[in-house]
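Colleague: Give me a close look at the surroundings of ligand 2, please. Start with the make-up of the shell and work outwards.

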Amino acid sequence: MTVVLKLGGSVITDKDTPETVDWSVLDAVCSTIAAYDTDIVIVHGGGSFGHHHAAAHGVSQTTGTRDDTAVRDVHRAMKRLNTAVVDALSAAGVPAIPVHPLSIAHRSAEGELRLPTEQVRTLLADGFVPVLHGDVIAHEETGATVLSGDELVCALAEALSADRVGLCSAVPGVLDGEHVIPEIDDFEDVAHALGGSDATDVTGGMAGKVRALLALETSAFVFDQNGLEPFLGGGQPGTRIG
Ligand SMILES: Nc1ncnc2c1ncn2[C@@H]1O[C@H](COP(=O)(O)OP(=O)(O)OP(=O)(O)O)[C@@H](O)[C@H]1O
Ligand SMILES: C=C(C)CCOP(=O)(O)O
């Protein structure tokens, strides 16, 4: 059983205050993960680390930068958050290993992600838990653009033929007003309810997530912190997408 799990930046950081980890949530999430013995790849998003820097430098998934300072600023902020996540997982007893996308991935001129995954596969086979993160990556003819954790989740889920895909976010699922939509099979059915993010977010909030997850072979679940234990236990918390 291979699980790909995204820890949303909106869950593990305070997205309104630059570079602030929500330690109580992060520690709780890590303890929950530590209780499950399964092959798991963890991806985390930018939260108050990557998004503020990316916005300040005007970089997004499609608008690139050739400013080396901008690339370093975003990447280093994401590495700081990644270190916090890896250390918290390790303290909870999870054999977490950082994997930095800037060093391995790139986009073609058309914007397609090229992500080698043999190192992730090899780490998993030896019992490690690879921890990847949203980042900036080289983009042919465009300089460097933002890579979202959601894109990583989709690419890893496909490359590893993941059995379960989960996105732990700040919301209990994809919402239509106050209500959690139990399942989504067609983007157009729910497009009216999907928006961007309430916080500084250069990668598109919920609409981008739903669109990308619908393209996967495997169903994906969007849930909040309370849904993490049920998800890891094989349940169907929050919203099932696809
Ligand atoms: N229909 C919707 N249902 C739920 N959330 C929605 C909806 N439309 C817009 N959103 C926004 O999407 C946000 C979740 O996406 P966001 O990208 O901010 O989360 P994340 O992946 O957890 O964080 P990060 O991108 O930092 O990793 C919610 O907090 C909310 O502001
Ligand atoms: C802003 C950066 C660098 C990463 C964005 O990843 P996301 O929060 O998963 O969209």
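Modeller: The shell around ligand 2 splits into six nonpolar, nine polar and two charged residues (Ala, Val, Leu, Ile, Met, Phe, Trp, Tyr, Cys and Pro are nonpolar; Asp, Glu, Lys and Arg charged; the others, Gly among them, polar). Keep in mind that this is a predicted model, where local features need pLDDT of at least 70 and side-chain atom pairs pLDDT 80 or more, while totals for chains, interfaces and linings use all residues. Residues count from 1 along each chain as its sequence is written, and chains are lettered from A and ligands numbered from 1 in the order written.

Of the 17 residues around ligand 2, Gly-45, Gly-46, Gly-50, Gly-134 and Gly-149 come nearest (near: C-beta, placed from the backbone, within 6 Å). Helix α3 supplies the largest share of the shell, three residues; α3, α4, β7 (135-139) and α6 (149-159) are the elements giving two or more (DSSP runs numbered from the N terminus: helices H or I, at least four residues; strands E, at least two).

Now α3 (47-57) and α4 (68-91): their axes come within 8 Å and cross at roughly 175 degrees (lines fitted to C-alpha atoms, for helices over the stretch in contact; angles run from 0 to 180 degrees between N-to-C directions). That makes α3 roughly antiparallel to α4 (over 145 degrees). Gly-50 and His-53 of α3 and Val-74 of α4 are among the contact residues (C-beta atoms, placed from the backbone, within 7 Å).

As for β7, it belongs to an open four-stranded sheet, ordered β5-β4-β7-β8 with mixed pairing (at least two DSSP bridges per pair). Helix α4 packs on that sheet, touching β7 and β8.

Terms used. Parallel < 35°, antiparallel > 145°, perpendicular 65-115°, else oblique. Contact = placed C-beta atoms within 7 Å.
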